[in-house]
Amino acid sequence: MRGGHGYQASRPVRRTFRTVPYDVPVTTNSTSPSIVDRLSAPHRGRIPFSVEFMPPRDAEGEERLWRAVRTFERLGPAFVSMTYGAGGSTRDRTVRITGQLAAETTLLPVAHLTAVNHSIDELRSLVGAYAAQGITNILALRGDPPGDPLGEWVRHPRGLTYAEELVRLIRDLGDFHVGVASFPEGHHRAPDLRQDTQALVSKLRAGAEYSITQVFFDVEHYLRLRDRLAAADPEQAAKPLIPGIMPITSLASVRKMVSLSGSVIPVDVEARLAAAAGTGDQEDRAAVRAVGIDLATEWAERLIAEGAPCLHFCSLNFAKASTEVLARLGVDVTAAVPATT
Ligand SMILES: Cc1cc2nc3c(=O)[nH]c(=O)nc-3n(C[C@H](O)[C@H](O)[C@H](O)COP(=O)(O)OP(=O)(O)OC[C@H]3O[C@@H](n4cnc5c(N)ncnc54)[C@H](O)[C@@H]3O)c2cc1C
């Protein structure tokens, strides 16, 4: 049992890692189960859930992150993931905190890793650093250009161009479990949905075991991606397509987020949020939050009815809104109280 949450423990495995440059250990002991194992293990509630954290900016942010971590820990997520930023100090924090999640909590961490501004040697070294901490679950991403996510993508001169190459690189280094990103509305750089689906199929064929979707605000987008994947490659479509879900707590923030990601807020969703926000200078955050929780619960209910494998909450390092949604879905969250953030 891992963390008393009903998950089956996997046998300790001595994993071997092929030669990597620098002072990276080539072998490590790991008891980490894969995400696919976790999703098929017993779980609380009607559906497994997972949580995405991001590296905090400062000491106050780190305290808030750890409060959220400890709150979610009591609720038994299938796994948690830690995003990877663009700058050096943020990246160091990602590596450090993901290691702490592995060493100091009962949670199963997934480390996001991007190809942005990294040579292949550096990527190998980072993967080795994760392995040395017993972290063998990695989400392989290309990443966005730093500063302007919609700007021109420039490959590192000794780096990689697509996430698919990173999947292969990580898999070649040893017995890692790799996931990738998927885009229900299509990635903003893909010429059309067919080519976007093909890019996802290529990442899965390269050895990715599952994908986590970009946050969406209309479940139809998720279902249509699932259909496209099934039509393109039924074998790869059998791998978990984990929906990203975010309880909206601020209309201004979500508008900014969609402007950077290329996704769209449906007219009816925007209308409900705008009506709650009111017409004052400042949006009515409490009313927007209440509608945001309603919406996230409606999306989650539909996803459960449609057989989604897991709900991946983009927490922004806050626990309270996601916990409220889980409670509405029938999960006993009394163990997590008080969720103060
Ligand atoms: C769940 C999730 C987590 C994320 N976490 C992070 C994070 O931690 N840090 C961060 O910086 N960003 C993160 N992102 C954002 C992500 O890095 C960007 O959206 C990025 O622009 C795309 O990354 P990717 O891994 O999907 O790239 P890729 O799969 O490489 O795709 C990039 C573009 O190239 C196209 N493409 C792919 N392969 C080919 C090919 N062979 N030939 C031609 N075109 C191709 C794709 O259609 C797409 O348009 C995350 C996104 C999601 C959905």
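The expected span of a helix is 1.5 Å times one less than its number of residues. In the predicted model described here, helix H6 (193-205) comprises 13 residues and extends 18 Å from its first C-alpha to its last, close to the 18 Å expected at 1.5 Å a residue. Along this helix, the buried residues are Asp 196, Thr 197, Leu 200, Lys 203 and Leu 204, and because they cover an arc of only 115° around the axis, they lie on the same side of H6. An α-helix has 3.6 residues a turn, so residues three or four places apart point the same way. The packing partners of the buried residues of H6 are H5, strand S7 (177-182), strand S8 (210-213), helix H7 (219-232) and helix H8 (234-237). After H6 comes Gly 207, for which phi is positive, near 125°.

H6 also takes part in the surroundings of the ligand, around which 23 residues are found, the closest being Thr 83, His 112, Arg 142, Ala 163 and Ala 181. Two or more residues of this shell are given by each of strand S5 (109-114), helix H5 (163-173) and helix H6 (193-205), and H6 gives the most, with 5 residues. Classified by residue type, the shell around the ligand contains 8 nonpolar, 9 polar and 6 charged residues.

A further site examined was Gly 278, which is placed in the loop between helix H10 (267-277) and helix H11 (285-305). Gly 278 has 13 C-beta neighbours inside 10 Å and therefore counts as partly exposed, given that a residue is buried if 20 or more other C-beta atoms lie within 10 Å of its own and exposed if 12 or fewer do. When residues up to four places away in sequence are not counted, Gly 278 touches Glu 283, Asp 284 and Ala 287. The C-alpha atoms of Gly 278 and Val 288 are 9.0 Å apart in space, the two residues being 10 residues apart in sequence.

Over the protein chain as a whole, the model has 12 helices and 11 strands, and buried residues make up 44% of the 341 residues. Of the contacts in the protein chain with a separation of 6 or more, 77% are between residues 24 or more positions apart. The mean pLDDT of the protein chain is 89, with 89% of its residues reaching 70 or more; over residues 1-29, however, pLDDT stays under 50, and for this segment the model has 58 contacts beyond four places in sequence.

How values were computed:
Residues are numbered from 1 along each chain as its sequence is written. This is a predicted model: local features need pLDDT of at least 70, side-chain atom pairs count only at pLDDT 80 or more; totals for chains, interfaces and linings use all residues. A residue is near a molecule or strand if its C-beta atom, placed from the backbone, lies within 6 Å of it. Helices (H or I, at least four residues) and strands (E, at least two) are DSSP runs, numbered from the N terminus. Ala, Val, Leu, Ile, Met, Phe, Trp, Tyr, Cys and Pro count as nonpolar, Asp, Glu, Lys and Arg as charged, and the others, Gly among them, as polar. The arc is that of the directions from the helix axis to the C-beta atoms. Two residues are in contact if their C-beta atoms, placed from the backbone, lie within 7 Å. pLDDT is the predictor's confidence in each residue, from 0 to 100.
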